[in-house]
Amino acid sequence: MTLDRAKLADMYYRMWLIRHFEARARWLFQQDLVRGSTHTYTGEEAVAVGACAALNRDDYITSTHRGHGHCLAKGGDPRRMMAELLGKATGYCKGKGGSMHIADLDLGILGANGIVGGGIAIATGAAYSAKVRGTRQVVVCFFGDGAANQGVLLEAGNMAALWKLPVIYLCEENQYAEFSPSRPFFAVERLEQRALGLGMEGIPVDGNDVLAVYETVRQAVERARAGQGPSFIVAKTYRWEGHTVGDPLTYRPAGEAEQWKTPERDPIARFGKYLVEQAGFSPAELEEMNQRAEAEIEAAVLFAMESPEPAIATLWEDVYA
Ligand SMILES: Cc1ncc(C[n+]2csc(CCOP(=O)(O)OP(=O)(O)O)c2C)c(N)n1
Ligand SMILES: [Mg+2]
């Protein structure tokens with residue numbers, strides 16, 4: 001483990017940033033201020049933060065419809081993200097894209113994606129490009145357990161394994177795909193067994209343990225940079241909230257979510273315990289980081305609320321046909 005104090009603190013801070021961002025996004029949606037739909041990443045913070053902690057600024061990620069956490073973990077600006085959710089001119093897509101289209105090419109964030117599995121081919125192409133250009137960049141492709149059933153994973157994954165592309169397929173097994181539990185929809189016993197058919201080893205990891213995710217992805221990054229090809233990691237986690245904000249969750253067994261919100265399983269509480277017991281942080285320091293993250297998100301909300309709507313005259317700008 002090669003994480004110094006500053007890095008550990010940054011990871012903890014980012015996990016809170018995501019948690020607070022999603023709480024405010026949910027609230028804004030309920031006030032009818034968010035355009036489009038909103039999918040929260042609450043409870044899955046350790047996956048994005050652990051994975052992105054193993055990347056350099058110029059490495060790439062591809063994201064999903066549930067993308068706020070990936071973007072914040074890779075260094076995305078919460079103010080421009082929040083403004084995008086509210087459809088404001090200061091947003092990442094000048095208010096024209098919304099939650100599911102946020103990208104920041106300067107940070108290697110190749111975009112959220114409303115197409116389930118849509119990031120898989122993009123990540124594979126980006127990895128091919130990095131290989132051809134000889135840049136040593138790697139790509140982390142986040143996708144869901146539902147997206148694991150998309151055919152593109154076979155096509156792109158096979159190509160990546162054949163050509164030893166520097167891509168890490170990181171499946172977020174949060175146990176649901178839209179309004180269905182995901183488990184009844186795969187024939188293999190464990191999702192990571194899918195990797196075998198692609199010529200890769202499938203690596204399971206506790207997706208609620210940020211340090212385990214970090215270490216697993218770090219090793220995959222090392223292999224990718226050494227020209228040893230792709231990896232297939234399955235992070236076992238849980239979606240705390242509904243598929244979208246407003247989902248009545250009638251399909252979920254009563255009490256199930258509560259079992260994932262305990263101090264032993266909540267990814268933030270768990271990491272906090274480690275930081276205090278094994279890394280010399282005080283509870284007061286952790287609380288200060290939590291409050292600082294909350295203040296940053298409050299500032300983002302204010303920025304977004306006070307930002308102007310896009311001008312009508314800009315309607316046809318940035319449109320490609
Ligand atoms: C190609 C495609 N098919 C279906 C949908 C509708 N849809 C949106 S999210 C979703 C489930 C995705 O589940 P998963 O990949 O597990 O991601 P999670 O929401 O759990 O993060 C579906 C079927 C879509 N957006 N795109
Ligand atoms: Mg899922």
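This report describes a predicted model, taking its first helix, its nonpolar core, its central strands, the surroundings of ligand 1 and one exposed loop residue in turn.

## Helix 1

Helix 1 covers residues 5-30, which makes 26 residues. From its first C-alpha to its last it reaches 38 Å, close to the 38 Å expected at 1.5 Å a residue. Just after the helix comes Asp32, whose phi is positive, at about 70°.

## The nonpolar core

The largest nonpolar core holds 88 residues. Val139, Cys141 and Ile168 have the most contacts inside this core. The element that gives the most to the core is helix 1, with 10 residues.

Val139 can be followed further. With neighbours within four places in sequence left aside, its contacts include Asp59, Tyr60 and Thr62. Ala123, Ala126, Ala127 and Ala130 are also in contact with Val139, as are Pro166, Val167 and Ile168.

## Strand 2 and its partners

Val139 and Cys141 both belong to strand 2, which spans residues 139-144. The strand is mostly covered, with 6 of its 6 residues buried. Burial applies to both faces: Val139, Cys141 and Phe143 lie on one side, and Val140, Phe142 and Gly144 on the other.

Strand 2 pairs with two other strands described here. Strand 1 (residues 60-62) runs parallel to strand 2, and 3 bridges connect them. Within this pairing, Tyr60 has Val139 as its bridge partner in strand 2; Tyr60 is also among the residues in contact with Val139. Strand 3 (residues 167-173) is likewise parallel to strand 2, joined to it by 6 bridges. Here the bridge partner of Phe143 is Cys171 in strand 3.

## Around ligand 1

There are 18 residues around ligand 1. Those that come nearest are Val116, Gly144, Gly146, Ala147 and Ala177. One of these, Gly144, is also a buried residue of strand 2. By character, the shell divides into 5 nonpolar, 8 polar and 5 charged residues.

## Glu256 in a loop

Glu256 lies in the loop between strand 7 (231-236) and helix 8 (267-278). Glu256 counts as exposed because it has 12 C-beta neighbours inside 10 Å, and a residue is exposed if that count is 12 or fewer. Trp240 is 16 residues away from Glu256 along the chain, and the C-alpha atoms of the two are separated by 9.3 Å.

Key: Residues are numbered from 1 along each chain as its sequence is written. Chains are lettered from A and ligands numbered from 1 in the order in which they are written. This is a predicted model: local features need pLDDT of at least 70, side-chain atom pairs count only at pLDDT 80 or more; totals for chains, interfaces and linings use all residues. Helices (H or I, at least four residues) and strands (E, at least two) are DSSP runs, numbered from the N terminus. The expected span of a helix is 1.5 Å times one less than its number of residues. A residue is near a molecule or strand if its C-beta atom, placed from the backbone, lies within 6 Å of it. Ala, Val, Leu, Ile, Met, Phe, Trp, Tyr, Cys and Pro count as nonpolar, Asp, Glu, Lys and Arg as charged, and the others, Gly among them, as polar. A nonpolar core is a set of buried Ala, Val, Leu, Ile, Met, Phe, Trp, Tyr and Cys residues joined through C-beta atoms within 7 Å. A residue is buried if 20 or more other C-beta atoms lie within 10 Å of its own, exposed if 12 or fewer, and partly exposed in between; C-beta atoms are placed from the backbone. Two residues are in contact if their C-beta atoms, placed from the backbone, lie within 7 Å. Two strands pair if DSSP finds at least two bridges between them.
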